[in-house]
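Okay, thanks for coming, everyone. I've got one structure to walk you through today, so let me put it up on the screen.

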Amino acid sequence: MPRLMKLIRRLSALALPLALSGCDLVVMSPSGDIATQQRDLIIVSVVLMLLIIVPVICLTFYFAWHYRRSNINAKYDPEWHHSTRLEVVIWAAPLAIIIALGAVTWVSTHRLDPYRPLDRIDANRPVTPETKTITIEVVALDWKWLFLYPEQGIATVNEIAAPIDTPIEFKITGSTVMNSFYIPALAGQIYAMPGMQTKLHAVMNKEGVYEGFSANYSGDGFSGMRFKFHGMSNDNFGQWVARVKEQGSALNRDAYLKLERPSNRVPVTYFATVEDGLYDAILNLCVKPGQMCANEMMHIDMMGGAGKDSHENRKRLEYDTRWSADAGPGATHPATGHGAKEPTQAEGVNAPAEAPAGHEGHSVAPDQLNTNPKP
C-alpha cells in the first residue's frame, strides 16, 4: 500500500504540467499595451526575486549533500560562529533586490496609473495630438454591465466594442454594491462603486473577442456578470455602431429603472438612443424622479447647508435602490420578481419640472441654495 500511494503521488505530479498546459493564461499573453506592460512588470519582479530564491534553493540542496554524515571529507568546525564575508553576501544581495524592486514599482505605479491618459499606442507608436480617442461610460448593475457611448449616442448591455489602436477612456460607476470591471487582455481591474466615478485608460492592439467580467463578488448573480469585448478595425466598428442603431431601442430614464432591477444572465441588448444626461444622473444617484442628485447635495454643503429647511429633503436623499415593499430592505434575489425601485414617488416630493434648474442642469429646491439659511 505505501508503494501504491507513492506511485499515485508521482503520477499526480507528472499530470500537473499537462493540466496547466491547457489553461488560457491571458494575463501572460495580453492583447492591449497596458496589459502588456503589466505582464512585463510581473516578469521583471519574478526574475528579480528568483535571483535570491534560486541560489538559496540550490545551496540548500548542496549543503544537505555536502555535509551528509557519510562525507568524511567535509570540514567540521564546531567553534565557527561568524563570517564577515558571508554576512555581506547574505545582506547585500537582498538589499540590492529590494532597491531594484522599489525603483521598478515606483516608475510603473506612475506610468500605469489608470487615471493617466495614454502616451503611447504600443512600444513603437506614441500618442499624438491627431490620435483619435473614444469614451465609454460603464455602469455595473445587478447583475449585468451597461455600456454607454456618449460620442456615438448608443448603449449596450453585456457587450462592448472598440476600434484597435485607439485610446479608450473608461468612466466607471455602479448602481448598488461594489463591483470590479476587468478585461484581462486589455488592462487591470478597476472598481465600480455607486455615487463615485473611477477611470481607466487603455488600448487594444489586436482584433478579436475577449472575455470581461466582474472580479468582485456582488451577490446572487455575480457569476453571470460576464461580457464580451470586441476589438475591431475602424470600419468594422462603424458597422457595429450602425447595427446597434438599427436594432436597438431607446434608453431613457424609465427604461434604465427597469434595466436596473436585479436580473440574472441578461442577454446582449442594444439601445439606439440614450437620453441626455443619463450617465450623470446614474453617477449622482438621481435617475428616479424627485431624488436629489449627489452633486446638488455637495453644493448645498459647500454653501453652508440648508438649515431647518433640510428636513424637507429627507425623502429625496434615500438612495437604497434594493428596497421593495414586498421583499423588504436588502432584498437582492432576482427570483422575487420585484423591482429594484419603489413603485411610487415619495409623498411631498415635487417633480423636477416644477423646480428651477440648479447645479449642472439638475432641479434644485430654491431654499436649499440659500447661502444664508434660516437659523
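I'll start with one helix, move to the strands around it, and finish with a few backbone oddities. Keep in mind that this is a predicted model.

So, helix 4, residues 234-247. Why do we expect its ends to be 20 Å apart? Well, helix 4 has 14 residues, and at 1.5 Å a residue that should span 20 Å. The end C-alpha atoms are indeed 20 Å apart, so the two agree.

Now, which residues of helix 4 are buried? Those are Phe 237, Trp 240, Val 241 and Val 244. They cover an arc of only 100° around the axis, so they sit on the same side of helix 4. If you're wondering about the spacing, an α-helix has 3.6 residues a turn, so residues three or four places apart point the same way. Flip to the other side of helix 4 and you get exposed residues: Asp 235, Gln 239, Glu 246 and Gln 247.

What do the buried residues of helix 4 pack against? Quite a list of strands: strand 3 (134-141), strand 4 (144-149), strand 5 (154-157), strand 6 (159-163), strand 12 (226-232) and strand 14 (269-274).

Let's stay with strand 12 for a moment. Strand 12 is mostly covered, with five of its seven residues buried. It pairs with strand 6 in the parallel sense, over five bridges, and there you can find Pro 163 standing opposite Met 232 of strand 12. Strand 12 also pairs with strand 11, residues 208-214, but in the antiparallel sense, over six bridges. One pair to look for there is Gly 212 with its bridge partner Phe 227 in strand 12.

Okay, on to the oddities, which take us back to some of those strands. In the loop between strand 3 and strand 4 you'll find Trp 143. The peptide bond joining Asp 142 and Trp 143 is cis, with omega at about -10°.

Next, Asn 158, in the loop between strand 5 and strand 6. Asn 158 isn't a glycine, yet its phi is positive, about 60°. Is Asn 158 buried or exposed? Its relative accessibility is 5%, and buried means under 20%, so Asn 158 counts as buried.

Asp 165 also has a positive phi of about 60° without being a glycine. Look for Asp 165 in the loop between strand 6 and strand 7 (168-174). With a relative accessible area of 25%, Asp 165 is partly exposed.

Terms used:
Residues numbered from 1 in each chain as written. Predicted model: local features only at pLDDT ≥ 70, side-chain atom pairs only at ≥ 80, totals over all residues. Heavy atoms only, no water. Helix = DSSP H or I, 4+ residues; strand = E, 2+ residues; numbered from the N terminus. Expected span 1.5 Å × (residues − 1). Buried < 20%, exposed > 50% of the residue type's maximum accessible area, 1.4 Å probe, protein only. Arc of directions from axis to C-beta. Contact = heavy atoms within 4.5 Å. Pairing = 2+ DSSP bridges.
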